[in-house]
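Colleague: Please take a close look at one part for me, the nonpolar core. Walk me through how it is put together and what surrounds it.

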Amino acid sequence: MLFGAFVPVEKPMLGIRPDPQQRVKAVFLYNFSKYFEWPKANKNNMFIIGVLDNPRLCAELTTITQNRKVGVLNIVIKNFKTIQEINKCNIVFIPEESNINVSNVLAIVKPFNGLVVTERQNGVSQGAVVNFVIKENKLKFELSKSNAKKASLKVSQSLTSLAINVD
Amino acid sequence: MNIYKYILLIIGSLLSIITLAQGQNDVERAVQIFQGGNIENAISIIDSCANNTKYNKTWEVWYYKGFFYKELAKKQTVETAIDNRIIAYESIIKAISLDIKRENIEQDSLNLRYLTNKFNNDAAALINESNYKKSEYIFNYYLKALKYQNVDDQKTKQLNIDFKSAMGSMFIEVYEKNSKNVQAYDQIIKNYSAVLQIDSNNANANYQLGVTYYNKGVNIIYLHDVDDLNYEQDQDLALKEFKIALPFLLKSNEINNKRTETLEGLSNIYKALNNKERENYYTEELQKLKNPK
């Protein structure tokens, strides 16, 4: 035979890799644990990062926090379907697609000095300490020192230098 | 007795009759030694003849040289046979050029067809990470040899596409196992870009190039140090790759809009480019495909 015989051309196909923005968010959320001073009262035996209904982001968070700690605390990632499930979280993230009222979440996490992170227009003015925004096609974050103060959270200076629109 | 040996016997006998009256010449001696089974000695003599002005303008010398080397290569592995098959091919081509009256076209064609077929098989067998350069080298001889077989341009183009796609496909397997393998990445880009040079509407090449660039962007994000909050530079680098990937994935989707991976890639790229409208469009298309009503 003179022609052909070069292995099937349709296989293998490259698999598409997942949405990278979830990874950036996960890295941000994990790193926030290192840039705030958490009140002692908050310190139970684990550091909880809660996410409102985003299993994909939780999976990323679980991957990157494996074998990592916040001080001596083990990190636990929780995916909450409803705000009623939120309990003793150190960080709570409300994703863009969630229509939950920020103030309701703030009321729940206040006794535990929880850090609320949002991803919406006016997230900071609604009371979030950190709000993810897209600027120049890149994921960045706004920071509200005054909202942090209200939650009794002390922000490190190095986080302030990486944030945009700091109040 | 196979057909080659039969032809060789006839030619050898004819040569013997011709040369009996003139006394045995070196070509005749080489044929006799070959028939006696000492292929290395026969080759040594025929090589001397090919370098000797007394003989090297004759069809017989080049034909036998081609024939002997072809037979020698049969006893070798693919990797070691390559050089001998190329000598055989070039000798037969030389023999054809000396056969002005086309008296020996049948024997020449028979050997040339065999070698062309072998080049094809060897090029395919050597498509692997260690031997891909040899494979490309042999494939070029295959294309040269095809010119003597009246193969039309369209067929040659398709063979080129098939070969480069097969090569790209092999490197995809390598790259999937190790996304830090720069050589594999470069070879995927090189081979599928070559396919698109021949056929810009090739669905497979557009898809593979689009996904390769897209995945490279995603890999930049994933290789970023998890403890480093400063993502600025890596997000910029990833965006650069996404922008390169975009036209290939758009073309791939234009050719085949039923591939979920393409839609997912497009949705993610538009998300990274902060184009909500396009992101939503491709997300909806993806959902329709995944959950048809």
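Modeller: A nonpolar core here is a set of buried Ala, Val, Leu, Ile, Met, Phe, Trp, Tyr and Cys residues joined through side-chain atoms within 4.5 Å. Buried means under 20% relative accessible area. Keep in mind that this is a predicted model.

The largest such core has 128 residues. Four residues have the most contacts inside it: F32(A), F36(A), L115(A) and F68(B). In chain B, helix 8 gives the most to this core. That helix spans residues 153-177 and supplies 10 residues.

Now zoom in on F36(A). Its partners include L115(A), another of those four. F36(A) also touches V129(A), V130(A), L143(A) and A148(A). Further along the sequence, F36(A) meets L153(A), K154(A), V155(A) and L159(A). Residues up to four places away in sequence are left out of that list.

There is also a second, separate core. It has 14 residues, among them I83(A), V105(A), V109(A) and V116(A). In soluble globular proteins, nonpolar side chains tend to be buried together.

Next, the setting in chain B. This chain has 13 helices and 0 strands. Of its 293 residues, 52% count as buried. Take its contacts with a separation of 6 or more: 59% join residues 24 or more positions apart. The chain B radius of gyration is 28 Å, whereas a compact globule of 293 residues would have one near 19 Å. Its C-alpha atoms fill a box of roughly 90 × 40 × 30 Å along the principal axes. On the outside, chain B exposes about 14,400 Å², with 48% supplied by carbon and sulfur atoms.

Terms used: Residues numbered from 1 in each chain as written. Chains lettered and ligands numbered in written order. Predicted model: local features only at pLDDT ≥ 70, side-chain atom pairs only at ≥ 80, totals over all residues. Heavy atoms only, no water. Helix = DSSP H or I, 4+ residues; strand = E, 2+ residues; numbered from the N terminus. Rg over C-alpha atoms; globule rule 2.2 N^0.38 Å. Buried < 20%, exposed > 50% of the residue type's maximum accessible area, 1.4 Å probe, protein only. Contact = heavy atoms within 4.5 Å. Areas by Shrake-Rupley, 256 points an atom, 1.4 Å probe, with all protein chains shown as cover.
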